[in-house]
Amino acid sequence: MAKKNARDQEEIKGNVNMSPMIDCCFLLLIFFVVNATQITVSKDPSVRMPSAITCNDMKDAKGCIVINIFKDFDKMDSGAQEKFRKNYKGKAGVIWGVSDNTKSVGYTEDEANLLTEYVTKEKERMKAKHMEDKDIKIYLRGDKDAPWERTCKAIRCAASAGVSNLVFGTLPAK
């Protein structure tokens, strides 16, 4: 009889209840999913990006100030024109656009100083979050049909604001 009881004891020791461990793993998974912050780049649907033979994915969007560079309004298709009017509330002559998660702001060629002020304000906001100057970047999303002069002027605005690290947005070649 003693042998049978010892064997029963061994069988009891061999069975481990996995339910608490699985519950704990699911709770940790939910915790990390909920608390993970995703950094995204604001993408204006009116901008059709150029393609490049050699391009790399941007590893980290942290510290990016996004400037969208548009082609002329009359060269956009009707769907893009409608989205453009909606995003920039019918403002005429918009050639640069910036946006955060709440609103989009468009700047005309005469408002380059306002674009410089925007970049300066964003740079100061990022520095307040303890980012270094070298980590703050301008992400230029230029339409493939936009005049190069608009990109040059946006680069000058960024330089005037003290941001010299530039990233040009492209799509991989097909």
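Phenylalanine 26 is exposed, with a relative accessible area of 51%, where exposed means over 50%, buried under 20% and partly exposed in between, for a 1.4 Å probe and protein chains only. This is a predicted model, in which local features need pLDDT of at least 70 and side-chain atom pairs count only at pLDDT 80 or more, while totals for chains, interfaces and linings use all residues. Residues are numbered from 1 along each chain as its sequence is written, and side-chain values use heavy atoms, with hydrogens and water left out. The chain has five helices and seven strands, taken as DSSP runs and numbered from the N terminus, with H or I over at least four residues for a helix and E over at least two for a strand.

**Overall build**

- Read from the N terminus, the elements follow the order α-α-β-β-α-β-β-α-β-α-β-β.
- The chain holds 174 residues, of which 33% count as buried.
- Among the contacts in the chain with a separation of 6 or more, 68% come from residues 24 or more positions apart, a contact being heavy atoms within 4.5 Å.
- About 12,300 Å² of the chain is exposed, with carbon and sulfur atoms supplying 54% of that area; accessible areas come from the Shrake-Rupley method with a 1.4 Å probe, and for residues only the protein chains shown count as cover.

**The nonpolar surface patch**

- Phenylalanine 26 lies in helix α2, which covers residues 19-35.
- Together with Val16, Met18, Met21, Ile22, Leu29 and Val33, Phe26 makes a nonpolar surface patch of about 710 Å².
- Patches are made of residues with over 30% relative accessible area and no salt bridge, with like charges joined within 9 Å and nonpolar side chains (Val, Leu, Ile, Met, Phe, Trp, Tyr) joined within 5 Å.

**Helix α5 and its surroundings**

- Helix α5 has 13 residues (148-160) and, at 1.5 Å a residue, should span 18 Å, which agrees with the 19 Å between its end C-alpha atoms; the expected span is 1.5 Å times one less than the number of residues.
- Its buried residues are Arg150, Thr151, Ala154, Cys157 and Ala158.
- Viewed down the axis of α5, these buried residues fall within an arc of 115°, so they line one face of the helix; the arc is that of the directions from the helix axis to the C-beta atoms.
- On the other side of α5, the exposed residues are Trp148, Glu149, Arg156, Ala159 and Ser160.
- The buried residues of α5 pack against the strands β2 (64-69), β3 (96-99), β5 (137-142) and β6 (166-168), and also against helix α4 (112-128).
- Just after α5 comes glycine 162, which takes a positive phi of about 90°.

**Helix α3**

- In helix α3 (residues 78-87), the buried residues are Ala80, Gln81 and Phe84.
- Down the axis of α3, its buried residues fall within an arc of 100°, so they line one face of the helix.
- Ser78 and Lys86 are exposed on the other side of α3.
- Lysine 89, which follows α3, has a positive phi near 50°.

**Cysteine 64 in strand β2**

- Cysteine 64 is found in strand β2 and is buried, with a relative accessible area of 14%.
- The C-alpha atoms of cysteine 64 and isoleucine 136 are separated by 6.1 Å, although these residues are 72 residues apart along the chain.

**Salt bridges**

- A salt bridge is counted when a side-chain nitrogen of Lys or Arg is within 4 Å of a carboxyl oxygen of Asp or Glu, and by this rule the count comes to seven.
- Glutamate 122 and arginine 125 meet in a salt bridge with an N to O distance of 2.7 Å, and, being three residues apart in helix α4, they are separated by about one helical turn.
- Of these two partners, glutamate 122 counts as buried at 13% relative accessibility, whereas arginine 125 is partly exposed at 37%.
- Aspartate 72 forms a salt bridge with lysine 75, with the closest N and O atoms 4.0 Å apart; aspartate 72 is partly exposed at 28%, while lysine 75 counts as exposed at 54%.
- Aspartate 133 and lysine 127 also form a salt bridge, their closest N and O atoms being 3.5 Å apart, with aspartate 133 partly exposed at 42% and lysine 127 partly exposed at 34%.
- Asp72, Lys75 and Arg150 are joined into one network by salt bridges that share partners.
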